[in-house]
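Open the structure in your viewer and keep the sequence panel in sight. This tour tells you what to select at each stop and what you will find there.

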Amino acid sequence: MSEQYDAIVIGAGVTGLYQLYKLREEGFSVKAYETGTGVGGTWYWNNYPGCRFDSESETYGYSWSEEVLKEWDWTEHFSPQPETEKYLNFVADKFDLRKDIQFESKVTTATWDEAGQKWDIELEDGSKASATFLISATGPLSSFQLPKIPGVESFKGEWTHTARYPKEGLANNNDFSGKRVGVIGTGATGVQFIQEAAKTAEQLYVFQLAPEWCAPLKNSPIEKEEMEKIRANYPQMFKECIDSFGGFQHKFDERSIYDVTDEEREALFEELYDKPGFGIWLGNFAEIMNKMDANDLISDFIARKIRKRVNDPKIAEQLIPKNHGFGMRRVPLETKYFECYNQDNVNLVSLPDTPIEEITPTGVKCSDKEYELDILVYATGFEGVMGALNRIDISGKDGQKLKDKWADGPRTMLGMQIVGFPNLFTLVGPHNGATFCNIPRCAEQNVEWATDLFSYMRDKNLKQVEPTLEAEDAWTAHVDETATHTLFPKADSWFMGINVNNPSKKRTFMLYAGGQQNYRARCDEIAEKGYEGFVIK
Ligand SMILES: Cc1cc2nc3c(=O)[nH]c(=O)nc-3n(C[C@H](O)[C@H](O)[C@H](O)COP(=O)(O)OP(=O)(O)OC[C@H]3O[C@@H](n4cnc5c(N)ncnc54)[C@H](O)[C@@H]3O)c2cc1C
């Protein structure tokens with residue numbers, strides 16, 4: 001007999017932990033399954049040196065526990081990965097969450113049982129469990145992607161993908177002195193790793209396919225006194241976050257870029273470039289997100305900064321993106337990243353000029369020469385948003401596979417539920433408002449909305465919920481329509497389902513770009529109307 005629960009949660013990251021807590025609080029029986037050996041999700045897996053938030057620490061923490069808010073002190077404005085992992089362990093311990101989590105348990109299949117009105121899941125080791133509700137909290141950036149290069153696993157030195165970086169570090173606890181280190185990939189993760197590895201590596205080779213528009217992080221410590229001020233301001237701060245477009249305290253400038261003088265525009269750009277966090281992206285003139293001529297102005301500004309910061313003009317040009325404008329892809333935040341390229345030990349290898357032919361046992365062979373390495377790090381990202389769901393064999397009504405249903409891109413209601421897959425909830429999933437968000441702010445909303453629905457159904461003795469086809473079509477059309485009001489579709493990125501290492505993917509918008517505050521309001525309205533757009537029976 002397999003175990004039977006009211007709900008099964010897949011994943012024990014920020015989202016899954018809260019979902020587990022919330023269901024337990026509401027009196028549901030619940031079990032969470034997690035591939036890793038510990039809690040934390042992103043902050044459990046990404047142990048590479050330099051990994052940290054681009055969200056302000058205090059805006060990222062949970063808002064739902066007064067005790068946690070009172071007891072936990074953040075020590076840096078942009079918390080490093082070890083501290084965040086510690087934080088999530090602190091929460092797990094405080095609420096004794098581990099007793100309902102089964103670790104080292106990868107869910108491989110999930111099958112809807114129409115007669116039994118339940119989901120049957122199977123783990124990698126063959127064991128089984130069932131539940132009325134199946135909740136995926138599998139993460140938008142959890143299914144890592146190795147590059148599609150011949151010989152990728154043949155390197156005989158130490159190698160890893162950043163999302164599987166060993167906790168004990170590479171080399172001697174990440175001291176790369178005397179080592180030749182190669183890194184493939186220059187997205188947000190690559191940038192964080194490079195600026196750390198450059199500090200000690202004898203030689204660091206950065207293999208770059210395309211640069212990103214990076215902007216300064218401006219991290220600094222949080223002293224005790226400042227932490228007390230942050231604590232006193234929590235209610236106001238959380239309110240500002242949930243009223244904003246992206247779940248941050250950053251808000252677009254109220255002026256139009258077209259109504260200010262050149263000097264006023266430059267003054268705002270300078271001010272934001274000098275400030276911490278995503279302000280340069282999400283606190284800028286709103287038109288940089290949706291008008292190409294406005295976007296050209298900020299791209300030109302950042303390009304000028306890069307030219308100033310990099311001594312060699314040829315390298316500076318190679319570090320300036322040419323195929324997309326600023327903020328059309330995820331903006332990496334950096335700390336002295338560009339200055340790394342002024343160091344003698346850092347070498348930029350431009351792959352459009354000299355493509356990688358293969359990974360060899362001793363290094364990376366490009367079209368012009370072979371780079372001999374001691375350590376090789378793949379910072380090649382993830383199969384974004386849909387990846388973790390795609391890697392589970394999910395079958396809904398009449399045996400329909402989720403993979404087939406989504407072959408041309410996601411179709412969902414609120415990014416939360418899918419026609420043909422009753423009682424399945426995809427938290428922080430494709431087309432969900434939590435995808436373009438300071439994630440915990442929106443993941444909390446997802447968890448609370450779903451749990452309210454489960455309670456509503458329990459109160460009315462209802463067993464099954466599924467959106468209507470009309471509602472799903474309308475939401476999917478709305479998601480696509482809101483994307484057309486941004487510049488995101490003009491760039492190739494994981495926002496658009498594009499990953500050069502996974503070329504089979506269709507180009508389709510993965511996130512929700514209508515603003516998390518609007519998403520939140522829509523979810524509330526639907527609930528108030530008795531879950532309009534859903535059939536509950
Ligand atoms: C390096 C990095 C930095 C980031 N920085 C920020 C930031 O500054 N701000 C921000 O808002 N977001 C950031 N993100 C996004 C980050 O993923 C989210 O903030 C958040 O951690 C997502 O939490 P989650 O619980 O939804 O998913 P995750 O943290 O990804 O957790 C999902 C968990 O599900 C497990 N899982 C997946 N599939 C299965 C399966 N089949 N069976 C069992 N378990 C499974 C995984 O092992 C994982 O532990 C960052 C992501 C990365 C990779």
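Helices and strands here are DSSP runs, of at least four residues for helices and at least two for strands, numbered from the N terminus. The model is a predicted one.

**Stop 1: a loop residue**

Select L414. This residue lies in the loop between helix 15 (402–405) and strand 18 (424–426). Check its backbone: phi is positive, about 60 degrees, although L414 is not a glycine. Is L414 buried or exposed? A residue counts as buried if 20 or more other C-beta atoms lie within 10 Å of its own. L414 has 26, so it is buried.

**Stop 2: another loop residue**

Go to V385. Find it in the loop between strand 16 (375–378) and helix 14 (387–390). V385 is not a glycine, yet its phi is positive, at about 65 degrees. V385 counts as buried because it has 27 C-beta neighbours inside 10 Å.

**Stop 3: the five-stranded sheet**

Strand 16 leads into a sheet. Select strands 7, 16, 8, 9 and 12. In that order, these five strands form an open sheet with parallel pairing. Which strands stand at the edges? They are strand 7 (158–161) and strand 12 (346–350). Each has a single partner strand, so one side of each is left without a neighbour in the sheet. Turn the view to compare directions: on average, neighbouring strands of this sheet are turned by 15 degrees against each other, direction ignored.

Zoom in on one edge. Strand 7 pairs with strand 16 in the parallel sense, over four bridges. Pick H161 and look across to strand 16: its bridge partner there is Y378.

**Stop 4: strand 8 and its surroundings**

Stay in the sheet and select strand 8 (180–184). Five of its five residues are buried, so strand 8 is largely enclosed by the rest of the structure. Show the side chains. In a regular strand they alternate between the two faces of the sheet. Here R180, G182 and I184 point one way, while V181 and V183 point the other way. All of them are buried.

Now add strand 9 (203–208). Strands 8 and 9 pair in the parallel sense over five bridges. Pick I184 to see one residue facing another: opposite I184 in strand 9 stands F207.

Next, select helix 6 (residues 188–197). This helix lies across strand 8, strand 9 and strand 16. Helix 6 runs at about 165 degrees to strand 8.

**Stop 5: the three-stranded sheet**

Select strands 13, 14 and 15. They form an open sheet in that order, and the pairing is antiparallel. Strand 13 (356–360) and strand 15 (370–372) are at the edges. Each has a single partner strand, so one side of each lacks a neighbour in the sheet. Neighbouring strands of this sheet are turned by 20 degrees against each other on average, direction ignored.

Look at the pairing of strand 14 (residues 363–366) with strand 15: it is antiparallel, over three bridges. Pick K365, whose bridge partner in strand 15 is E370.

**Stop 6: the ligand**

Centre the view on the ligand. How many residues surround the ligand? There are 34, and the closest are G11, G13, T15, G41 and G139. Colour the shell by class: 16 residues are nonpolar, 15 polar and three charged.

Which helices each supply at least two residues of this shell? They are helix 1 (14–25), helix 2 (42–45) and helix 16 (439–459). Helix 1 gives the largest share, three residues.

**Stop 7: a helix pair**

Follow helix 16 away from the ligand and add helix 18 (residues 516–528). Their axes come within 11 Å and cross at roughly 5 degrees. The two helices are therefore roughly parallel to each other. Select the contact: C442, Q445, W449 and D452 come from helix 16, and Q516, R520, C523 and A527 from helix 18. By class, the contact residues divide into four nonpolar, two polar and two charged.

**Stop 8: V91**

End at V91, in helix 5 (residues 81–94). V91 is buried, because 23 other C-beta atoms lie within 10 Å. Leaving aside residues up to four places away in sequence, V91 touches L17, Y62 and V68. Finally, pick G36 together with V91. They are 55 residues apart in sequence and, C-alpha to C-alpha, 17 Å apart in space.

Note on methods:
Residues numbered from 1 in each chain as written. Predicted model: local features only at pLDDT ≥ 70, side-chain atom pairs only at ≥ 80, totals over all residues. Buried ≥ 20, exposed ≤ 12 C-beta atoms within 10 Å, placed from the backbone. Pairing = 2+ DSSP bridges. Axes fitted to C-alpha atoms, helices over the stretch in contact; angles between N-to-C directions. Contact = placed C-beta atoms within 7 Å. Near = placed C-beta within 6 Å. Nonpolar A, V, L, I, M, F, W, Y, C, P; charged D, E, K, R; others polar. Parallel < 35°, antiparallel > 145°, perpendicular 65-115°, else oblique.
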